[in-house]
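Me: I have a model open on my screen and would like some company while I go through it. Could you take one part and walk me slowly around it?

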Amino acid sequence: MRKSRRKNRKFLGLACGLSLLAATPVQALENPITINGFASAGFITGDLDASFYSGTDIIGDSATFGADNTIGLQIFSNVNDKVSFTGQLLAKGVIDSYSLDAHWAFVDYHPRSDLSIRAGRLVLPVMMVSEFVDVGYAYPWARPPMEVYSGIPLTSYSGIDMLYTAHIGDNNLIIQPYMGSIPASSNIGLDVKTDLGIGLNTTFQFEYGFLRAHVMQVKGVSGSDPSTGSGFIMDAQMVAIGADLEFGNVVVISEYIKKEFEFTGLEPFSEVSGEAGYLTLGYRMGKFLPHITFASGDNDVDQVSALDVALGQMTADPDFLAYMGTLSPAEQQALAADPIAALSDPAVQAGLVGAGIVTPSELQAFPSLAGMQLPPSPLAYKQTSITLGLRYEMLSNTALKLEYQEIEAQEESWGLFVSEPADKVKLASFVIDVTF
Amino acid sequence: MKKFIVSIFIIFPLLFLGSASSYAGLVVVVHPANSMQAISKEDLKRIYLSKKKEFSDGSLISPLDHPKDSETKKTFYKKVVGKSLSQVSSYWSRLIFTGKGIPPRVMRGDEEIKVWVAGHPEGIGYINKKSIDDSVKVILTIK
C-alpha cells in the first residue's frame, strides 16, 4: 500500500515534467526527444534453500526466473542550448511482484561545457556502479558483487548535484557534490528516510580508465524497524574508493567501502561498522570477457543481546514499576543489580506472573536468551565469495552473461542470506542484457 | 619470358592495390573555416568519448558518427579509440543512463556528414578518403 502511494506520487511528478515538455511544442519540434532504453532478463539456479540480498533486491528462494528482470526507458530533450530534461522509468521484477519507479527525473542546467547543475530526482552515487546498477549491459557481471552493494542505500533521492570537470593535461577530474532527501529504502533491511544527506563523488579519468572516491554523510535519518514497527534515528557515514582499469586486454575492477551506522532507539543495534571490497580480473578475447571476482564483506555489530531486549521490554511495562513499589528497598536493589538471579527467586517469579507482567513460559525462557543473538540483517553480515563469469557480446548492444558463484557466510553470520545457509552455497546465473 | 616477368611485376602490385582498395583509409574533416589545421589521434579519441568538448578557441565541438554496425564506424573506433563497438556502447550506456553524457550525433554516412560539417563550424566527422571534396577540410588521415 505504502509502495503504491509512492509510485503515484512519482507518476504525478513525471506527468508534470511531461506536460511541461508538451507545453512548449515549438522547442519540442526543434529539439526532438531522444528515447533510449535497457533491459535484462535472468535465470538463477543452485543451492537456493535460502533467498539472499543481491544488493538491489532479495532474490533466490524457490523462484529461479525473474531474479534480474529489469526494463528501463529514458527520455531526453534539450529545452534550449543550456537546459535539458531527462526522465527514466524503471520496472523491476522481484520474485512475484513488479515495481515501477521514476528512477531519474531531472532538469540539467549546463551554462558551460565543463559544468552541469542538475535538480530533481537523481540517484545516489555511493559506489562506482550505483547510478547504473540496473543497466546490466554497462558492467561485466550478472550483478555487482553483493558483499559491496548490499547494506548501502542504492536509491534515487530528491535533490541537487553538480558535475564539474577539471582538465588536467589530457586527463579529467570530475567533481560531483550532491545533497538531498533520501526517500524510504529497504535495501538495508530497514525502512529509512532522511531529510538531508550530503556527499561528494570524485572521478579521475585517465588513459587506462578511471579512479574514484566517494564520501557521504546522512544525519538524523528517521525510520522504522519492519519487524517491530518501532521508530528510530540513524546517522551514517560512508567512504568508498574504486578503480576501473583496462591495460590492453586486461580488465581490473576493484572497490572498497567503509561504513558506519549509529542507531538511537533501534532495540537490537546501537552501532554497525563494516567494510567490504572486491577485486575483479578479466581478459578480453574478442567478443568474450572471462572474469573472476573475489569479494568480501565484514560488518561488526554492537548488538544488544536478546536477553537485554526482553528485560528492557519487561522493565518498561508500567505494571512492572507498580510491582517494584510493592518490594522492599533491598529486594528492589537485588532485582536491579542482577535480574537473572532475582528472577530465579520463586517469590519474585510468583509476583511477576501474578501481576501479569510475564507469563510462566516467558520466565522460563529468560536464562536461555542470554546466549542468543538476534537474527542478522543486511547491515550485519560476514561473507566471502568467489565468482567465475563470462560475458559474451552476442549481437550489437546485446550481452550474454554466465556466472558460477561460491558463497560462504563467515563465523556465526548468515551472510547475506535471510535464513541460515549451507556452509558453501553454489549458484549459477544466466543473464541477457540489452540496450536500445 | 621477359615480358611475362615484367607483366607480373606490374600486375602483382595492382592486385595488391585492388585488395587494399576496400580500405583506402579514413579522414577526419571539419568546416573549411575551422582554424584547426591538424588533430592528434589522442585528442580525437577524447572528443569521441566526450572527454574533450571544446576546440582550443573554447567553442563547443559537435562530433558526428556513422550508423551502428557500419564498417566505417568499426574501423574508426578500432584504429582511433582502440575499442570494439560493443565496448564503446557499454561505455556510452554508463553515461546515457546516468544523464552524464550524450553520444555523437549519428548520420547516415559520408555524404550526410560532409553536408552537416560544411554547414556547421562546430562539426567534426570522419569519412572515407574517397569521399573527400572541397566542402570540408581534412585535418587527419587515419591509416
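Me: The part I would like a close look at is the contact between chain B and chain A: how many residues does each chain bring to it, and which salt bridges hold atoms of both chains?

Reply: Happy to. Please keep in mind that this is a predicted model. I will begin with the contact as a whole, then go to its salt bridges, then to the chain B elements behind it, and end with some places in chain A.

Chain B brings 20 residues to the contact, and chain A brings 35 residues. Together the two chains bury about 2300 Å². Carbon and sulfur atoms give 48% of that area. There are also 17 residue pairs in polar contact between chain B and chain A. On the chain B side, two helices, H2 (41-48) and H4 (85-96), each supply at least two of the residues that touch chain A. H4(B) gives the largest share, with seven residues. Sorted by class, the side of chain B that touches chain A has nine charged, seven polar and four nonpolar residues.

Now for the salt bridges. Three of them cross the interface of chain B and chain A, while the whole structure has 19 over all chains. One to look at is the pair B:Lys100 and A:Glu131, whose side chains meet at 2.8 Å, N to O. B:Lys100 sits in the loop between H4 and strand S3 (105-106) of chain B, and A:Glu131 in the loop between S7 and helix H3 (146-149) of chain A, so this pair joins two chains. The two partners are not covered alike: B:Lys100 has 28% relative accessibility and therefore counts as partly exposed, whereas A:Glu131, at 7%, is buried. Another salt bridge links B:Arg46 to A:Asp170, with the closest N and O atoms 3.5 Å apart.

Let us stay with chain B for a moment and turn to H4(B). This helix has twelve residues and reaches 16 Å from its first C-alpha to its last, close to the 16 Å expected. Twelve of its twelve residues are buried. Among them are B:Leu85, B:Val88, B:Tyr91, B:Trp92, B:Arg94 and B:Ile96.

Two loop residues of chain B are also worth a click. Most residues other than glycine have a negative phi. B:Ser50 has a positive phi of about 60° although it is not a glycine, and you will find B:Ser50 in the loop between H2 and strand S2 (62-65). With 19% relative accessibility, under the 20% cut-off, B:Ser50 counts as buried. B:Asp69 has a positive phi too, of about 75°. B:Asp69 is placed in the loop between S2 and helix H3 (71-81) of chain B, and at 43% relative accessibility B:Asp69 counts as partly exposed.

Across in chain A, there are nine helices and 18 strands, and buried residues make up 48% of its 436 residues. Of the chain A contacts between residues at least 6 apart in sequence, 61% join residues at least 24 apart.

The strand S7 that precedes the loop of A:Glu131 covers residues 115-123 and holds A:Ser116. A:Ser116 is buried, at 11% relative accessibility. Its side chain makes a polar contact of 2.6 Å with the side chain of A:Asp108. Leaving aside neighbours within four places in sequence, A:Ser116 is in contact with residues including A:Tyr109, A:His110, A:Asp161 and A:Leu163.

Finally, chain A has salt bridges of its own. A:Asp298 pairs with A:Lys382, the closest N and O atoms being 2.9 Å apart. A:Asp298 lies in strand S15 (residues 288-303) and A:Lys382 in strand S16 (residues 382-395), so the pair ties together parts that are 84 residues apart in sequence. Of these two, A:Asp298 is partly exposed, at 31%, and A:Lys382 is buried, at 14%. Both belong to a network of salt bridges that also links A:Asp300 and A:Glu411. A:Lys382 is also one of the residues touched by A:Ala409, which is in strand S17 (residues 398-409). In another salt bridge, A:Arg391 and A:Glu393 come to 2.7 Å, N to O, and both residues are buried.

How values were computed: Residues are numbered from 1 along each chain as its sequence is written. Chains are lettered from A and ligands numbered from 1 in the order in which they are written. This is a predicted model: local features need pLDDT of at least 70, side-chain atom pairs count only at pLDDT 80 or more; totals for chains, interfaces and linings use all residues. Side-chain values use heavy atoms; hydrogens and water are left out. Contact means heavy atoms within 4.5 Å. Buried area is the accessible area (1.4 Å probe) that two parts lose on being put together, summed over both. A salt bridge is a side-chain nitrogen of Lys or Arg within 4 Å of a carboxyl oxygen of Asp or Glu. A polar contact is a pair of N or O atoms within 3.5 Å; within protein, one must be able to donate a hydrogen and the other to accept it, and residues adjacent in sequence count only if both atoms are side-chain atoms. Helices (H or I, at least four residues) and strands (E, at least two) are DSSP runs, numbered from the N terminus. Ala, Val, Leu, Ile, Met, Phe, Trp, Tyr, Cys and Pro count as nonpolar, Asp, Glu, Lys and Arg as charged, and the others, Gly among them, as polar. Buried means under 20% relative accessible area, exposed over 50%, partly exposed in between (1.4 Å probe, protein chains only). The expected span of a helix is 1.5 Å times one less than its number of residues.
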